[in-house]
Amino acid sequence: MRQLNFGLPISIDEKNGEVRLGKDILCESAAAKNFSGIKHLAYNEGEADDNEHCYTFYQNIWTSQDAPVFQQRQMTNGITVLMPGLMGYECRKNSGHYHGLSQGHTSTLPEVYEVLCGKAVFLMQQSHDFLDERGPLQVERLRAFFLHEGEKVVVPSFTAHCVINVGEGPMAFGNLSVPCPLHYEPIGRMHGFGMYLLKVDGQLVFVPNSRYKDLPQLEIGRPRECGKLGIQFNKPLYTAYKENPEQFEYLWNPEPYGDAIDTLYEG
């Protein structure tokens, strides 16, 4: 068992990826997804068994004492465990989605992610017209961020996001967000994101998804810290939010924070 730096006593079994919660920790729900649930997004949907376990998501994790701090702003959190290994040549990933517009907003709501163990690549592709089905999904910006344990990213508005396990063992990541409409359909009709990440002879290789037209050049980046936005690599999101919820105002009020979020990344 390995302790996760989540801000609560939570551990992971590094053999099977199962998450164990400490005493008095609540978890609203847990759900697993096998390859059959994401094979329509795979580089080659015939290269893995339908029953192969891909990932498990645990939703709304807190103590009863801390719950009001999150619930008063309808904040939600969770832990996702992505299993190691390949789907044929493709690295294990989750399905990914866009956030839809919420009432009273002109920008879609951001989300914060943190790596709790393992090595991850976060794919982000920006599309302002992602609900337009009249042709191929148009991507304005396509980025990949390599993250290690403790590092965090904020997903900007109008940006689909997908997480990929590029390590040798289970990779766990946490999230913090306000509930909003989630759109999986734009990614589904394109059979995945603009890039697939394969491992060939031990090397990571990005391969374009040929269903997209006029893809922008893939940008490779690294995350930056920003204390004003609650993004500190040595402090878990759970702890940072509990100590100062107002630092995370951009999660429910994104319009004034677009420029600040853009400064969180370096190319």
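Below, a biologist and a modeller talk through a predicted model.

Biologist: Let's start with lysine 93. Where is lysine 93 found?

Modeller: Look for two short strands, β8 at 90-91 and β9 at 98-99. Lysine 93 belongs to neither strand; its place is the loop between β8 and β9.

Biologist: Is lysine 93 buried or exposed?

Modeller: The cut-off for buried is under 20% relative accessible area. Lysine 93 has 6%, so this lysine counts as buried.

Biologist: Which residues does lysine 93 touch, leaving out those up to four places away in sequence?

Modeller: There's quite a list to go through. It includes Ile38, Leu41, Ala42, Tyr55, Leu82 and Met87. The rest of the list is Cys162, Val163, Ile164 and Tyr196.

Biologist: Which residue has its backbone oxygen 2.7 Å from a polar atom of the lysine 93 side chain?

Modeller: Leu41 is already among the residues that lysine 93 touches. The backbone oxygen at 2.7 Å from the lysine 93 side chain also comes from leucine 41.

Biologist: And which residue meets the side chain of lysine 93 in a salt bridge?

Modeller: Side chains of opposite charge can pair when their charged atoms come close. Here the N to O distance is 2.7 Å, and both residues of the pair are buried. The partner of lysine 93 is glutamate 90.

Biologist: How many salt bridges does the structure hold?

Modeller: The bridge between glutamate 90 and lysine 93 is one of them. Another joins glutamate 18 to arginine 20, at 3.3 Å from N to O. Glutamate 18 is partly exposed at 36%, and arginine 20 is partly exposed at 36% too. The total for the structure is 15.

Biologist: What about lysine 39 and aspartate 50: how many residues apart in sequence are the parts that this pair ties together?

Modeller: Their side chains meet in a salt bridge with an N to O distance of 3.2 Å. Both lysine 39 and aspartate 50 lie in the loop between β4 and β5, so the pair ties together parts that are 11 residues apart.

Biologist: Are lysine 39 and aspartate 50 buried or partly exposed?

Modeller: Buried would need a relative accessible area under 20%. Lysine 39 has 24% and aspartate 50 has 32%. Each one counts as partly exposed.

Biologist: Now the sheet. In what order do the 6 strands of the open sheet come?

Modeller: The edge strands pair on one side only, and they are β4 (25-34) and β13 (152-155). Neighbouring strands are turned by 20° against each other on average, direction ignored. The pairing is antiparallel, and the order is β4-β5-β6-β15-β10-β13.

Biologist: Which residue in β15 is the bridge partner of valine 112?

Modeller: Strand β10 covers residues 111-117 and β15 covers residues 171-177. The two run antiparallel and are joined by 5 bridges. Valine 112 has as its partner leucine 176.

Biologist: How many disulfides are there?

Modeller: A disulfide is a covalent bond between the sulfur atoms of two cysteines. For cysteine 27, which is partly exposed at 29%, the closest cysteine sulfur is in cysteine 117, and at 16 Å that is too far for a bond. The count of disulfides is 0.

Biologist: Phenylalanine 158 has a positive phi; is phenylalanine 158 buried or exposed?

Modeller: Its phi is about 60°, although phenylalanine 158 is not a glycine. Phenylalanine 158 sits in the loop between β13 and β14 (159-165). With a relative accessibility of 12%, this residue counts as buried.

Biologist: Aspartate 201 has a positive phi as well; is aspartate 201 buried or exposed?

Modeller: Here phi is about 55°, again in a residue that is not a glycine. Aspartate 201 is in the loop between β17 (195-200) and β18. Since its relative accessibility is 76%, aspartate 201 counts as exposed.

Biologist: Last one: how far apart in space are valine 205 and glutamate 90, C-alpha to C-alpha?

Modeller: Valine 205 lies in strand β18, residues 203-208, and counts as partly exposed at 33%. Its contacts beyond four places in sequence are Tyr196, Leu197, Leu198 and Val200. Valine 205 and glutamate 90 are 115 residues apart in sequence, and in space the distance is 9.2 Å.

Key: Residues are numbered from 1 along each chain as its sequence is written. This is a predicted model: local features need pLDDT of at least 70, side-chain atom pairs count only at pLDDT 80 or more; totals for chains, interfaces and linings use all residues. Side-chain values use heavy atoms; hydrogens and water are left out. Helices (H or I, at least four residues) and strands (E, at least two) are DSSP runs, numbered from the N terminus. Buried means under 20% relative accessible area, exposed over 50%, partly exposed in between (1.4 Å probe, protein chains only). A polar contact is a pair of N or O atoms within 3.5 Å; within protein, one must be able to donate a hydrogen and the other to accept it, and residues adjacent in sequence count only if both atoms are side-chain atoms. Contact means heavy atoms within 4.5 Å. Two strands pair if DSSP finds at least two bridges between them. Axes are lines fitted to C-alpha atoms, for helices over the stretch in contact, and angles run from 0 to 180 degrees between N-to-C directions. A disulfide is a pair of cysteine sulfur atoms within 2.5 Å. A salt bridge is a side-chain nitrogen of Lys or Arg within 4 Å of a carboxyl oxygen of Asp or Glu.
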